[in-house]
Amino acid sequence: MRVVIVFNHPYDKSYCNAILESVQKGLLRGGHEVDTIHLDQDGFNPAMTAADLQAFVQHRAVDPLVINYQKRIEVADHLIFIFPIWWDIMPASTKGFIDRVLSPGFAYDHHPRGYGLVPLLENLKGITVISTMNKPRIMYSLWIGNLIEKVMIKSAFKAMGYKKTEWISFTSVKRVSQEKRVKWLNDLETKFKKLR
């Protein structure tokens, strides 16, 4: 299986980096082909430009980096996003990736009957979102309202027509024990080794 990981964290000693390493290790142990897009190292610009918007309407991309990302995603069987939650939502680069890379004419198109969207990435079997945050799970769920599920899973991926989606949320990361953080990493490695 060809897996593309979209990674967004600027600090190379973060827990997100440890997650990335565990996911990569599990995938490789499972015999999968892994391609990692590192948004921060690539200097990805999340902001839409006037040229981007004009191209967006014409169902094409003009930024060479966006075109590169699209070519890599086009052959993916599974897509994995890894990022921290800051101010209750994904960082700007992850949001910009969805806006600029998963665009109409590439990731989806409008239904020919005029309602809803249809998926265009024929190889894509599933999408996994992995996030970290320092808020407790219950506070994020009840008080904030699980914005990642609403914004990424429901409003973006499922609306585009990609139904097999999963969100793995690690909460209270700074408060839990080191043993628990290590267990999470081991569990991720095992999970992605078995990815089908």
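## Starting from one proline

Let's begin with Pro-46, which sits in the loop connecting α2 (39–42) to α3. Keep in mind as you look around that this is a predicted model.

Is Pro-46 buried, exposed or something in between? Its relative accessibility is 24%, and buried means under 20% while exposed means over 50%, so Pro-46 counts as partly exposed. Leaving aside residues up to four places away in sequence, Pro-46 touches Ala-92, Ser-93, Gly-96 and Arg-100. Gly-30 is another matter: 16 residues separate it from Pro-46 along the chain, and their C-alpha atoms are 32 Å apart.

## Empty space inside

Now for the holes. Rolling a probe the size of a water molecule over the atoms shows where empty space is left. Counting cavities of 30 Å³ or more, you get two.

The largest cavity has a volume of about 80 Å³. Its lining is made up of 13 residues, and the ones closest to the centre are Asp-52, Arg-60, Ala-61, Val-66 and Arg-100. One of these, Arg-100, is also among the residues that Pro-46 touches. Which elements give two or more residues to this lining? They are α3 (50–57), α4 (64–74) and α5 (92–100), with α3 supplying the largest share, three residues.

What kinds of residues line the largest cavity? Sorted by class, there are six nonpolar, two polar and five charged residues.

## The second cavity

The second largest cavity holds about 30 Å³ of space. Its lining consists of Leu-79, Leu-102, Ala-107, Leu-121, Leu-124, Ile-127, Phe-157, Met-160 and Tyr-162.

How do these residues divide by class? The count is nine nonpolar, with no polar and no charged residues. Tyr-162 goes in with the nonpolar group here, because Tyr counts as nonpolar in this scheme. Set that beside the largest cavity, where five charged residues take part in the lining.

## An open pocket

Cavities are closed off, but there is open space to look at too. The largest pocket has a volume of about 330 Å³. To find it in the structure, go to Thr-132, Met-133, Asn-134, Val-173 and Lys-174, which lie nearest the pocket's centre among its 17 lining residues.

And what is the mix of classes around the largest pocket? Nine of the lining residues are nonpolar, four are polar and four are charged.

Notes: Residues numbered from 1 in each chain as written. Predicted model: local features only at pLDDT ≥ 70, side-chain atom pairs only at ≥ 80, totals over all residues. Heavy atoms only, no water. 1 Å grid on protein atoms, 1.4 Å probe; cavity = no way out; pocket = protein on both sides within 12 Å on 5 of 7 lines; lining within 4 Å. Points joined across faces, edges and corners; volume = space filled by probe spheres on them. Helix = DSSP H or I, 4+ residues; strand = E, 2+ residues; numbered from the N terminus. Buried < 20%, exposed > 50% of the residue type's maximum accessible area, 1.4 Å probe, protein only. Contact = heavy atoms within 4.5 Å.
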